[in-house]
Amino acid sequence: MNPLIIQSPSSHPHLTTTTSTSISQKSQDAQISSAASFFSQGFQFLYSAESLKHHPKNLHIPEIIILGASNVGKSSFLNALVNKPDAARVSARPGKTTLMNAFGIGPLPAIPKGTVKPGEKLPRYSLVLVDTPGYGFKSQASWGDSVWKYIKARKMLRGAVVLLSSEKRLMEQDRWILRTLAEANTRTLVVLTKADKGGGSWTQRCGDMASLLRDELNKISRSVGNGWGEGKGWMPDIHVTAAGMDHVPRLGSGGGVGGVRMSILEMAGFELGDKEVRRKDETVTYGGPVVSFDDIKWKTG
């Protein structure tokens, strides 16, 4: 199975799968392999957080938050990303995850001298993935508040991955989370999961849903009016994944996961080369003011 299954602006309204053996395709395969190597290194569970104040300070490592409705397949998605079957616990019961769980991945980071305080412990990973409780069925009432505060306050947050099940229609909760990210001007990557479920032609079903999503994202962009648009706000490619699709051992990127890894790294501020992944110079570290959690003023109502 091809490692890239996407709907891009150029392929609208159809899905695109890459089958070429051209030089550019070989380069793309090399980048997919580099991304797979990045995600397979340094994996470690970091912490669980019930609310914003439980997230430790982070001034150096980019963070990506993963969002999705209950039982959308977030645990399976995370396991596929890091190529570990038990990185996150998979459950058939919706609402299994009740805390925000952070994981470190990637090689040792390159942090410039002078940006680390004396005695500060250096992280041994290059990217933080933050898994969140599923919204919707059996979600905790405090879900929206805690995640919203995290999105608004974390200085190293570089983007959000929103998982939507291709088995279901777009729910009102899905529209709500997309609008929430738009209002926060958070860069967003949309991924359709479970392409191998639901019966019928998965390419037709996922292609139609991706087209509807693209229309919805453009609608949100126009209504919010803060610059959160295609490319600058939401990532142009809508990816499709499926845990049950054929695996590609050479790349470790079957079921569309290879392309998702590449987009996450791009969103987090990394450059993909044929042999390595490196942080862009302008995103190496956060140089702004550090605000105590106690000093943050939250809007109410």
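In the predicted model, the axes of helix α2 (residues 74–82) and helix α6 (residues 257–268) come within 10 Å of each other and cross at roughly 80 degrees. Because angles of 65 to 115 degrees count as roughly perpendicular, α2 and α6 are assigned to that class. On the α2 side the contact is formed by F77, A80 and L81, and on the α6 side by V257, V260, R261 and I264. Six of these residues are nonpolar and one is charged, with no polar residue taking part.

The chain as a whole contains six helices and eleven strands. Of its 301 residues, 49% count as buried. Among contacts with a sequence separation of 6 or more, 76% join residues that lie 24 or more positions apart.

In soluble globular proteins, nonpolar side chains tend to be buried together. The largest nonpolar core of the model has 41 residues, and within this core I65, L164, L192 and L213 have the most contacts. Helix α5 gives the most to the core, contributing six residues. A second core, separate from the largest one, comprises 32 residues and includes F38, L81, V161 and L163. L81 is also one of the α2 residues that meet α6.

Helix α5 covers residues 202–224. At 1.5 Å a residue, its 23 residues should span 33 Å, and the computed distance of 32 Å between the end C-alpha atoms therefore agrees with expectation. The buried positions of α5 are R205, C206, G207, M209, A210, S211, L213, R214, E216, L217, I220 and S221. These buried residues pack against strands β1 (5–7), β7 (157–165), β8 (188–193) and β9 (238–240), and against helix α4 (172–183). The helix is followed by G225, which has a positive phi near 65 degrees.

Two residues of α5 illustrate its surroundings. Apart from neighbours within four places in sequence, L213 is in contact with L164, L170, L178, V190, L192 and I238. Two of these partners, L164 and L192, are listed with L213 among the residues with the most contacts inside the largest core. E216, also located in α5, has a relative accessible area of 13% and is therefore classed as buried, the cut-off being under 20%. With residues up to four places away in sequence not counted, E216 touches L170 and R175. L170 is thus a contact of E216 and also of L213.

Helix α4, one of the elements against which the buried residues of α5 pack, has twelve residues. Its first and last C-alpha atoms are 16 Å apart, close to the 16 Å expected at 1.5 Å a residue. D174, I177, L178, T180, L181 and A182 are the buried residues of α4; L178 is also one of the contacts of L213. N185 follows α4 and has a positive phi, near 55 degrees.

A further contact set involves P109, in the loop between β5 (100–105) and β6 (127–131). Although P109 and R278 are 169 residues apart in sequence, their C-alpha atoms are 9.0 Å apart in space. Beyond its neighbours within four places in sequence, P109 is in contact with I61, P123, R124, Y125 and S126.

Notes. Residues numbered from 1 in each chain as written. Predicted model: local features only at pLDDT ≥ 70, side-chain atom pairs only at ≥ 80, totals over all residues. Heavy atoms only, no water. Axes fitted to C-alpha atoms, helices over the stretch in contact; angles between N-to-C directions. Helix = DSSP H or I, 4+ residues; strand = E, 2+ residues; numbered from the N terminus. Parallel < 35°, antiparallel > 145°, perpendicular 65-115°, else oblique. Contact = heavy atoms within 4.5 Å. Nonpolar A, V, L, I, M, F, W, Y, C, P; charged D, E, K, R; others polar. Buried < 20%, exposed > 50% of the residue type's maximum accessible area, 1.4 Å probe, protein only. Core = buried A, V, L, I, M, F, W, Y, C linked by side-chain atoms within 4.5 Å. Expected span 1.5 Å × (residues − 1).
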